[in-house]
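Reader: I would like a close look at a single part of this structure. Please take one strand and its surroundings, and walk me through them step by step.

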Amino acid sequence: MRLQDKIAIIIGAGQGEGSTAAIGNGRATALVFAREGAKVLAVDRDLASAQETVTLIAQAGGEAQAYRADVTDEMQIKAAIDACVQRWGRVDILHNNVGISVAGNDAAVEDITTEAFDRIVAVNLRGMIYSCKHTIPVMRRQQAGVILNISSMAAWTTYPWVGYKTTKAAIIAMTEQIAIQNASYGIRANVILPGLMDTPMAVDTRARTWGTPREVIAAERDAQVPLRHKMGTAWDVAHAALFLASDEAQFITGVALPVDGGASVRVG
Ligand SMILES: NC(=O)c1ccc[n+]([C@@H]2O[C@H](COP(=O)([O-])OP(=O)(O)OC[C@H]3O[C@@H](n4cnc5c(N)ncnc54)[C@H](O)[C@@H]3O)[C@@H](O)[C@H]2O)c1
């Protein structure tokens with residue numbers, strides 16, 4: 001029970017894309033945090049999906065509550081954080097998982113539309129600013145707290161589309177800034193960079209959008225991973241998050257952690 005009695009908010013705790021083949025990062029993280037003793041506010045714009053996560057947590061003997069909020073709306077995110085404080089009195093862990101690319105009509109810089117770029121910035125980056133903005137005062141009062149942001153290896157490696165790449169890079173800078181500006185309050189902030197993961201959003205969305213069989217997309221992604229030529233899973237991200245959220249990581253802040261099967265050290 002590495003998160004015994006901790007209160008965690010996970011934003012993007014549902015699973016936007018249905019799949020029986022894989023689990024998403026947000027849901028896996030919610031399940032792992034709850035299994036380790038945390039009480040979880042499972043926030044998602046898709047309430048039914050967040051509720052499914054809560055049901056899975058309850059079936060495993062954990063405690064969670066689903067909450068509907070869209071990260072593009074500051075007041076909805078503030079309300080989610082207020083709801084957590086109202087129910088459990090504090091926020092120990094804020095885990096920001098929401099991120100879109102293909103689903104947001106992302107494109108190369110010469111093709112991107114204003115609408116698509118603004119939408120991706122609003123979902124991937126501005127949403128995290130909102131949740132941090134409204135959680136930091138709570139954590140400062142507590143003189144403790146952990147913020148975990150989900151970026152992507154796309155921030156560091158070659159990636160075709162500009163919206164995802166630039167927002168995921170900005171999340172790293174934002175996390176570093178939060179870490180240094182809040183260190184004296186006992187707040188830690190770290191960012192995880194997943195590599196190629198076998199999640200429904202990454203694999204099934206591409207299969208559906210491009211009309212390509214799931215197996216083909218999965219095989220192409222597997223082939224790019226140095227470690228065992230196999231994508232990671234959402235559990236790999238969840239376990240990295242568990243460590244960073246736990247007191248075992250009490251001296252770790254401002255870190256950008258790749259969870260990528262070695263992709264970040266392959267050059268050329
Ligand atoms: N899967 C990968 O290969 C991979 C690689 C690198 C980074 N990531 C990052 O991991 C994170 C999770 O990805 P995933 O593929 O596991 O997805 P996921 O299954 O965790 O689903 C994300 C959730 O976010 C919710 N969401 C989307 N837009 C929202 C909004 N505006 N407001 C509130 N909720 C919203 C969806 O409903 C969904 O439940 C993302 O930030 C993604 O960029 C994933």
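Author: In β3, Ala 64 is the bridge partner of Val 40. That pairing belongs to a predicted model. Five bridges join β2 to β3, and the two strands run parallel. Val 40 also has a partner in β1: Ala 8 stands opposite Val 40 in β2. That leads to the strand for our close look, β1.

Strand β1 covers residues 7-11. Is β1 mostly covered or mostly exposed? It is mostly covered, since five of its five residues are buried. A residue counts as buried if 20 or more other C-beta atoms lie within 10 Å of its own C-beta.

Now look at the side chains. In a regular strand the side chains alternate between the two faces of the sheet. Follow that along β1. Ile 7, Ile 9 and Ile 11 point one way. Ala 8 and Ile 10 point the other way. Both groups are buried.

Next, the neighbours. Strands of a sheet pair through backbone hydrogen bonds, either parallel or antiparallel. Five bridges join β1 to β2, which spans residues 39-44, and these strands run parallel. Four bridges join β1 to β4, which spans residues 93-96, and this pair is parallel too. Ile 11 of β1 stands opposite Asn 96 in β4.

Step back to the whole sheet. It is open and has seven strands. What is the order of the strands? Read it as β3-β2-β1-β4-β5-β6-β7, with parallel pairing. The edge strands are β3 (64-68) and β7 (256-259), and each of them pairs on one side only. Neighbouring strands of this sheet are turned by 20 degrees against each other on average, direction ignored.

Now go to either end of β1. The segment before β1 holds Asp 5. Phi of Asp 5 is near 65 degrees, a positive value in a residue other than glycine. Is Asp 5 buried or exposed? Asp 5 is exposed, because its C-beta has just 10 others within 10 Å, and 12 or fewer count as exposed.

Past β1 comes the loop between β1 and α1, where Gly 12 lies. Gly 12 is buried, because 30 other C-beta atoms lie within 10 Å. Gly 12 also has a partner to compare along the chain. Gly 12 and Asp 46 are 34 residues apart in sequence, yet 8.7 Å apart in space, C-alpha to C-alpha.

Gly 12 takes us to the ligand. Which residues come nearest to the ligand? Of the 29 residues around it, they are Gly 12, Gly 24, Gly 26, Gly 99 and Met 201. Two elements give two or more residues to this shell: α1 (25-35) and α6 (200-210). The largest share, three residues, comes from α6. By type, the shell divides into twelve nonpolar residues, 13 polar and four charged.

Helix α1 deserves its own look. Ten of its eleven residues are buried, so α1 is mostly covered. The buried ones include Asn 25, Gly 26, Arg 27 and Ala 28. Thr 29, Leu 31 and Phe 33 are also among them. Just after α1, Gly 37 takes a positive phi of about 105 degrees.

How does α1 sit against α2? Helix α2 covers residues 47-59, and it packs with α1 at an angle of about 30 degrees. Their axes are 10 Å apart. That angle makes α1 roughly parallel to α2, because angles under 35 degrees count as roughly parallel. α1 passes α2 in a right-handed crossing.

For another helix pair, turn to α4 and α5. Helix α4 covers residues 114-142, and helix α5 covers residues 162-182. They pack at an angle of about 15 degrees, with their axes 9 Å apart. α4 and α5 are therefore roughly parallel to each other. Their crossing is right-handed.

One last residue goes with Asp 5. His 229 is not a glycine, but has a positive phi of about 50 degrees. Where is His 229 found? It is in the loop between α7 (214-223) and α8 (234-245). His 229 counts as exposed, because it has 12 C-beta neighbours inside 10 Å.

Note on methods: Residues are numbered from 1 along each chain as its sequence is written. This is a predicted model: local features need pLDDT of at least 70, side-chain atom pairs count only at pLDDT 80 or more; totals for chains, interfaces and linings use all residues. Two strands pair if DSSP finds at least two bridges between them. A residue is near a molecule or strand if its C-beta atom, placed from the backbone, lies within 6 Å of it. Ala, Val, Leu, Ile, Met, Phe, Trp, Tyr, Cys and Pro count as nonpolar, Asp, Glu, Lys and Arg as charged, and the others, Gly among them, as polar. Axes are lines fitted to C-alpha atoms, for helices over the stretch in contact, and angles run from 0 to 180 degrees between N-to-C directions. Angles under 35 degrees count as roughly parallel, over 145 as roughly antiparallel, 65 to 115 as roughly perpendicular and the rest as oblique. A crossing is left-handed if the near helix is turned anticlockwise from the far one by less than a right angle, and right-handed if clockwise.
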